[in-house]
Amino acid sequence: MQLNKLLAPMMLGAMIGMAACDSGSSSNPGAPDPGPGPVVNPPVVNPVVTTPALGANANLYFPTALYETWKAAHFVTIEAESMYYAAIVPEFYEAVFQNPAFLPTGRVKWSTQSSTSYYGPKCAVPETTDNTMKYRACTVSEGVGYGMLISYFANDFDTFNRLWNYSKAFRDYSNVKLTPWITKSFHYEVVDKSSATDADLDIATALILAYYKFAPEYPEIASAYLNDAITIAWAIWDEEVNKSNFMLYSGNTAMWTSVADPAYNMSYFSPVALRLFALIDGTHDWNAVLNSMYTYMINVQNAGTGVFPDWSNALGVPVDPNNGSAKKTYWTFNKEAVRIPWRIAWDYYWFNSVDTRAASVLTTLNNFIVAKSGGDPNSSALATNYSANLAAGADAAGSTVQTHWYGAWCVTGIASNPLWLNTCTDQFNLKPMQSNNSSYFLDILQMMMSQLLNGAYVRPF
């Protein structure tokens, strides 16, 4: 450790110089390290799919402009971070600089943590002179996954590869196959190396999409993406799939996998990820997971009010996950479940011709909110966090419709309600991004929904 601390400042200049040579957005993915994993080269598959119509005024201008705002507020390169976190730069060597394959790199910054919160001290760099960054040193794995998807659809492969390298660096340093849930800057301190299933699905999905995009012109680079995606997919199967019912655990630790009645989070279910895994991995039965999760989701909708709880058990009953995150909200369509419409609308947009289940889920959601709002997407009814099961608890009324919630309700119209979709998309595209130190989650969801609603989700296969 002491030798590394002495060497780190010398290594820093060289490594930063190397990284700086590869900065900037580009459609060329660069030359990433293949990393560990099996070499598989599946054929490019083109299922017959009719792409549904988006809103009449859908326009790529909106997510393109929004992307620059999002990136400026929430993404940081190791070069930039080395300037305002100078006090801990010597420690970057342990996790990142010890392997040039992990450079260049970058991260998505988590929201500022309170100095008195559980994660506040863990996410702090008190020595920094930039007060806006003092408690914003942490990155969560979902941010890596979302960031890779966002940068993929923005055609920004410098950012894409930097985030991929960040994931690889901390997987390698922690000796795990799935990205640690919370890491600190580019520092060797891993705050929590347990996994989060949604992040793992999204990271692997982004890599598979990049494989298909670049396989024709850059086969060796595409294979590197694919190899890592398969490594992650196999680890998901081993660590995050409940083999008794083929449902997705919420992570790989005992609180999710070793209890008699685990809590499930339907916003972690990514049908697109599972379909892509089935295309590139013939070793595991990903369709069994896809079918189990869709059956579960539809049963929960039919048994309740039509919306989803943040957390529920194997029978679909809303339950407290006992992780301290949702004691007063778990039965409502709330901060976890807000991601479900985006995930299901994405599946509908790409695979509606081969599977009607996404349409069923979205139509039920849209019928629900149309009844509550009188068919007006600008109704204050969209501010309520509705109960998925009134026997478990009441609705939680709200007064302000946050932008990511507006987008979530917008996409429910894609399968059956073009008038709703058109009106809602037009208004959504006018909403500014908050882009402040505490809007990480709101902004990242707004970014993804903007890309979907405005046609950036182009299938590469």
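**Salt bridges and unusual backbone geometry**

Glu142, Asp198, Glu336 and Arg339 are linked in a network of salt bridges, a salt bridge being a side-chain nitrogen of Lys or Arg within 4 Å of a carboxyl oxygen of Asp or Glu. The model is predicted, and for that reason local features need pLDDT of at least 70 and side-chain atom pairs count only at pLDDT 80 or more, whereas totals for chains, interfaces and linings use all residues. Residues are numbered from 1 along each chain as its sequence is written, and side-chain values use heavy atoms, with hydrogens and water left out.

A search of the whole structure finds 14 salt bridges, and Arg275 takes part in one with Asp347, where the closest N and O atoms are 2.6 Å apart. Because Arg275 lies in helix α10 (residues 271–280) and Asp347 in helix α12 (residues 340–351), this pair ties together parts that are 72 residues apart in sequence; helices (H or I, at least four residues) and strands (E, at least two) are DSSP runs, numbered from the N terminus. Arg275 also meets the side chain of Asp355 in a salt bridge (2.8 Å, N to O). That second pair again links distant parts of the chain, with Asp355 in the loop between α12 and α13 (357–373) and Arg275 in helix α10, 80 residues apart. Both Arg275 and Asp347 are buried, and both Asp355 and Arg275 are buried, where buried means under 20% relative accessible area, exposed over 50%, and partly exposed in between (1.4 Å probe, protein chains only).

Within a single helix, the side chains of Arg162 and Asp158 meet in a salt bridge of 3.1 Å, N to O. The two residues are separated by about one helical turn, because they stand 4 residues apart in helix α6 (residues 157–174). Arg162 is buried, with a relative accessible area of 0%, and Asp158 also counts as buried, at 9% relative accessibility.

The backbone deserves attention as well. Most residues other than glycine have a negative phi, and most peptide bonds are trans. A cis peptide bond, however, joins Leu103 and Pro104, with omega about -5°, and Pro104 lies in the loop between α4 (89–97) and β2 (106–108). Asn175, in the loop between α6 and β4 (182–184), has a positive phi near 55° and counts as exposed at 71% relative accessibility. Ser185, whose phi is likewise positive and near 50°, lies in the loop between β4 and β5 (190–192), but Ser185 is buried, with a relative accessible area of 0%.
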